[in-house]
Amino acid sequence: MIHQRRTTAALALTAAGALLLAGCSSAEPETTDDGPVTLTITTNAITGGKNAAEADWIADWVIPEFEAAMEADGKDVTVQFEPQGVDDENYKTKIALDLQSGEGADIIGMDGIWVGEFAEAGYIKPLAEVGGDAVDGWDGWDQIPDAVQSALSFDGERYGVPQGADGRVLYYNKALFEQAGLPADWQPESWADVLDAARELKKLDGVTPIQLNAGTAMGEATTMQGLLPMLVGTGEQVYEDGKWVGDTDGLRDVLDLYKTIYIDEGLGDAVLQQEAAGRDTSFQLFAANQIGILLEGDYFWRSVINPAEGVGTAPMADRDTVVGYTKIPAKEPGSGIKDQDFVSMSGGTGRVLNPNSDHPELAWELLAFMNSADAFEARNAGTLSITPRTDVNDKMLADDPMLTFVSEEVLPITAYRPPLAAYPQVSTALQQASLDVVSGTSVDDALADYVDSLSDIVGDDAISGN
């Protein structure tokens with residue numbers, strides 16, 4: 001297939017480029033079959049720098065606790081951490097070279113969106129092929145919803161274990177809803193319900209009814225907090241059955257929705273979508289009670305508008321009483337993917353096993369240990385974030401109803417971006433299509449230009465549509 005050839009070539013170039021990175025190649029662990037064993041972990045985290053909490057947890061909890069557990073089991077195992085703290089693309093280049101050359105750490109941290117690309121290049125293999133029968137028998141899978149497992153899956157196979165989870169919802173301002181005569185416990189069941197609420201909010205002075213991210217200035221935030229949640233609400237996905245979404249009924253419906261909001265009815269601020277700081281501005285406007293409805297991830301709740309001192313960039317002192325949140329409805333009830341009434345999108349990272357490991361089954365023991373309930377509780381001590389495990393979330397999120405809501409109601413229905421090399425370019429093309437529409441270009445012309453761009457990226461044979 002076209003995308004497979006290009007994926008392999010892209011990763012080969014990525015790996016070759018890594019030769020230019022100083023110190024990029026990991027040494028093979030010094031191990032023997034009948035003596036002490038050394039396992040290694042690498043991820044893009046480093047104490048005092050990038051993702052420091054992750055690095056500290058590995059060094060201060062995972063390593064000593066696992067080594068102690070192995071000693072109690074009569075095994076002499078040493079774990080070494082190979083921290084990184086670089087740009088994500090440089091990290092990706094490094095691990096690509098390591099895997100291509102048959103080297104690298106036993107356990108490798110990886111963005112879920114890279115999994116398909118690495119799998120197609122032959123750099124990683126399904127977990128069960130590497131770690132053995134114990135992988136499928138791990139009791140932790142029962143605690144991770146199928147939808148969340150798909151973050152580190154490709155072609156129906158598990159390639160890794162997700163280490164975090166998030167979800168997109170509709171936030172709304174209860175005070176503005178009350179002024180507009182709308183219910184405080186709002187749960188729209190269709191796009192029509194959302195638009196009806198926005199029309200009522202439009203009657204309020206100084207209020208932008210709805211913010212649905214559009215355009216290229218917001219980058220991936222447009223795709224993940226705009227286009228894709230709407231697209232899965234039509235029953236379509238950006239990549240499905242070996243083809244990328246083209247001029248389909250679903251994508252046309254999504255662009256028509258943008259046209260309704262930003263052009264036909266003025267329910268959103270079209271200019272804001274074209275500003276470099278448009279997303280941050282939308283956060284400030286929502287916090288100032290000037291946007292009524294906003295589609296965002298749980299990050300918005302736990303970070304942006306968090307009223308705790310020094311946490312939020314747009315803190316709302318009355319967040320817990322004024323801000324409502326609700327599931328994103330499909331276009332119509334039952335029209336979402338898997339015939340769902342409600343939908344969402346999620347991102348995620350995780351860890352994979354290196355198929356070149358000298359001790360793959362023991363490496364799986366370490367990976368399973370890193371994803372145990374005790375491990376996640378230790379990792380999240382003093383913080384508040386959603387884990388992939390429902391048992392941990394039930395315990396640790398009990399005092400935060402919003403994050404509990406995402407864990408219990410949103411994660412089981414969420415979807416993920418395709419983990420393929422072409423995706424970033426396809427995402428940019430989709431962003432451009434949304435920008436064209438909110439700038440006044442017709443949906444027909446925006447779709448035609450998008451399909452032309454898509455053809456240049458993946459080839460005509462890899463495009464679905466009319």
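On a 1 Å grid over the protein atoms alone, a pocket is an open set of points with protein on both sides within 12 Å along at least five of seven lines, a cavity is a set of points where a 1.4 Å probe fits but cannot get out, and lining residues have an atom within 4 Å of a point. Grid points are joined across faces, edges and corners, and a volume is the space filled by probe spheres set on the points.

The model is predicted: local features need pLDDT of at least 70 and side-chain atom pairs count only at pLDDT 80 or more, while totals for chains, interfaces and linings use all residues. Residues are numbered from 1 along each chain as its sequence is written, and side-chain values use heavy atoms, with hydrogens and water left out.

**Whole chain**

Start with the whole chain selected. Its C-alpha atoms fill a box of roughly 75 × 50 × 40 Å along the principal axes. The radius of gyration, taken over C-alpha atoms, is 23 Å. This agrees with the value near 23 Å that a compact globule of 466 residues would have, the globule rule being 2.2 Å times the number of residues to the power 0.38.

Colour by secondary structure next: there are 20 helices and 17 strands. Helices (H or I, at least four residues) and strands (E, at least two) are DSSP runs, numbered from the N terminus.

Colouring by accessibility shows 56% of the 466 residues as buried, which is to say under 20% relative accessible area (exposed is over 50%, partly exposed in between; 1.4 Å probe, protein chains only). The chain exposes about 18700 Å², with carbon and sulfur atoms supplying 45% of that area; accessible areas come from the Shrake-Rupley method with a 1.4 Å probe, and for residues only the protein chains shown count as cover. Of the contacts (heavy atoms within 4.5 Å) between residues at least 6 apart in sequence, 73% join residues at least 24 apart.

**The largest pocket**

Select Asn-51, Gly-164, Asp-166, Gly-348 and Thr-349, which lie nearest the centre of the largest pocket among its 42 lining residues. The volume here is about 1200 Å³. To follow the wall, add the elements that each supply at least two lining residues, among them helix H2 (52-72), helix H3 (88-100), strand E3 (107-111) and strand E15 (349-353). Which element gives the largest share of this lining? That is H10, with four residues.

The lining divides into 12 nonpolar, 16 polar and 14 charged residues. In this scheme Ala, Val, Leu, Ile, Met, Phe, Trp, Tyr, Cys and Pro count as nonpolar, Asp, Glu, Lys and Arg as charged, and the others, Gly among them, as polar.

**The second largest pocket**

This pocket has a volume of about 750 Å³. Select Ser-150, Ser-153, Gln-237, Tyr-416 and Pro-419, the closest to its centre of the 37 lining residues. Elements giving two or more residues include helix H1 (2-18), helix H7 (146-149) and strand E9 (239-240). Strand E16 (414-416) gives the most, with three residues. By class, the lining has 14 nonpolar, 13 polar and 10 charged residues.

**Two cavities**

Keep Gln-237 and Tyr-416 selected and add Leu-228, Leu-231, Val-232, Val-238 and Met-345: these residues line the second largest cavity. Its volume is about 40 Å³. Helix H10 (residues 220-232) gives the most to this lining, with three residues. Six of the lining residues are nonpolar, one is polar and none is charged.

The structure holds two cavities of 30 Å³ or more, and the largest has a volume of about 120 Å³. Select Leu-170, Val-194, Ile-210, Met-230 and Leu-257, the closest to its centre of 13 lining residues. Helix H9 (191-201), strand E8 (208-211), helix H11 (249-264) and strand E13 (328-329) each give two or more residues, and the largest share, three residues, comes from H9. The lining has 12 nonpolar residues, one polar and no charged.

**Two backbone stops**

Most residues other than glycine have a negative phi. Go to Asn-289, where phi is positive at about 65 degrees. Asn-289 sits in the loop between helix H12 (278-287) and strand E11 (291-297), and counts as partly exposed because its relative accessibility is 32%.

Finish at Lys-338, with a positive phi near 60 degrees. Lys-338 lies in the loop between E13 and strand E14 (342-346). Is this residue buried or exposed? At 67% relative accessibility, Lys-338 counts as exposed.
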